[in-house]
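Trainee: I am new to this structure and would like to understand how its parts fit together. May we go through it step by step?

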Amino acid sequence: MALVKYAVLGVSLILGVSYLFNRGGNQKAPQLGDAWWGPGSEKPVDEAVRPFKIKFSNEDINDLKARLKNTRNLKPALEGTGWTYGVNGGFVPTIIDHWMNKYNFTERQEYLNKYPQFVTNIQGLDIHFLHVKPNNAGGKKVLPLLIQHGWPGSVIEMYKIIPMLTTPRDEFDFVFEVIVPSLPGYGFSSGTTKPGLGSAQMAVILKNLMLRLGFKKFYTQGGDWGAIITANLASMFPQHVLGMHSNMCIVMQPQTFLTTYIYSFWPSMLIPEEDYHLMYPLSEKWSRTLEESGYLHIQATKPDTLGVALTDSPAGLAAYILEKFSTGTNPELRFKDNGGLLDKYSADELLDNVMLYWIPNSMTTAMRLYAEHFSAAHMALGMEYVPIDVPSACAQFPHEISYQPPSLLSARFKKLIRARKMPRGGHFAAFEEPQLLADEIWTSIGIMEAGRKQSQASKASKASKKSA
């Protein structure tokens, strides 16, 4: 009886929340305009697209090594706890030693500059981006693809997947031209001086970046914040977005949570038995969410306080970032003393990502995205209720932070053409499993292109019949 009572109470609460906050699935996209995010009041800017090179100055390197050398002795982890209390203090000296003595700053700088990079001013902010074209399109159609990273990642996540997308494949009549921006406030993109730059406003900036580059229509892809911004781009600017691909598809509407809760009693009515573990039991899934989301709360409320510590200590910055890469790759890695990181990634590539926060001093401005996205003003935009009416596809990696079946995703993704459960991989898909993600992007956009051709042929046929 107690179980039934609590179940009824839970359903009642969720229904109440749904009644109060559910706006339905057909809310119109907000008209945000091209707000000025630079310092002071709006002024004319140089709209040139300027070449850019990442540079590790001797001053930066010497300062970094001095700070690393003076890292205090860290408290060891409790016996048998692995990384369940956070990064294991016994692992950090391994990373510090590699950073100081084995990380070749000259070679890594050269690697980070392997792709053409640029900066251009959009709405008062200098936006840094990679722009990689196919070396030889072989007469195939070249499709612009905007790829967006998240936190605590950077453009470095895409370095392995870029050549997999810009190299033509025999079975497709197109190839990709890839644009990978550092999100505003991340890496070498300027951070705003004004409050209010949330994920919806970032979508406006990135749309304007693509227009600046001459792409009136383009495909878009993303994970983590990049997935949220990709969804915002698709819902706000369907006249520009040909289709979207995401490796973190999720619908955050009250009725979605209500459905998930109700079907926890009869999961077979929602998903096949082999997928139960992806969503249930809810007690396990929700407790894991609570366990891993403490960072989100502090970054959504007091990012600048945390930023002081992470800006001043490179060891602290690396520990904070790498702990997220461990649990995001596979939550089971938290039980290992080394977090399992060096089994999946090289120390150099992990530190490349950390360097893109340390050198430009961008961690504080990056974390502010959480505070802006979860602010009352941004939540009032109701982006989760704005339908996505462009062709959409989802790559669902087994260790992603959340899973929803197509029946739930369709509440927002109105033209969901594909949702594929991937055989392995986690939250940082492009970094961990670039080949799997690249294959899925090719296949998904191939389906979208075929559909577009069919639609164009149908329209041409109707026009021909009308004129006859």
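Mentor: Two strands count as paired if DSSP finds at least two bridges between them. Please keep in mind that this is a predicted model.

Trainee: How many bridges join strand S6 to strand S7?

Mentor: Strand S6 covers residues 218–222 and strand S7 covers residues 241–246. The two run parallel, and Gln 221 stands opposite His 245 in S7. The number of bridges joining S6 to S7 is 5.

Trainee: Which strands stand at the edges of the sheet?

Mentor: The sheet is open, has mixed pairing and follows the order S1-S2-S3-S5-S4-S6-S7-S8-S9. Each edge strand has a single partner strand, so one side of it is left without a neighbour in the sheet. The edge strands are S1 (50–51) and S9 (416–421).

Trainee: What angle does the direction of helix H6 make with that of S2?

Mentor: Helix H6, residues 199–212, packs on the sheet. Among the strands that H6 touches are S2 (117–122), S3 (125–132) and S6. The direction of H6 makes with that of S2 an angle of about 115°.

Trainee: How many residues of helix H16 are buried?

Mentor: Buried means under 20% relative accessible area. In H16, residues 363–373, those that are buried include Met 363, Leu 369 and His 373. The helix is mostly covered, and the count of buried residues is 8 of 11.

Trainee: How many residues are in the largest nonpolar core?

Mentor: Trp 99 is one of the members that touch the most others. Beyond its neighbours within four places in sequence, the contacts of Trp 99 include Leu 64, Phe 105 and Met 355. The number of residues in this core is 119.

Terms used
Residues numbered from 1 in each chain as written. Predicted model: local features only at pLDDT ≥ 70, side-chain atom pairs only at ≥ 80, totals over all residues. Heavy atoms only, no water. Core = buried A, V, L, I, M, F, W, Y, C linked by side-chain atoms within 4.5 Å. Buried < 20%, exposed > 50% of the residue type's maximum accessible area, 1.4 Å probe, protein only. Contact = heavy atoms within 4.5 Å. Helix = DSSP H or I, 4+ residues; strand = E, 2+ residues; numbered from the N terminus. Axes fitted to C-alpha atoms, helices over the stretch in contact; angles between N-to-C directions.
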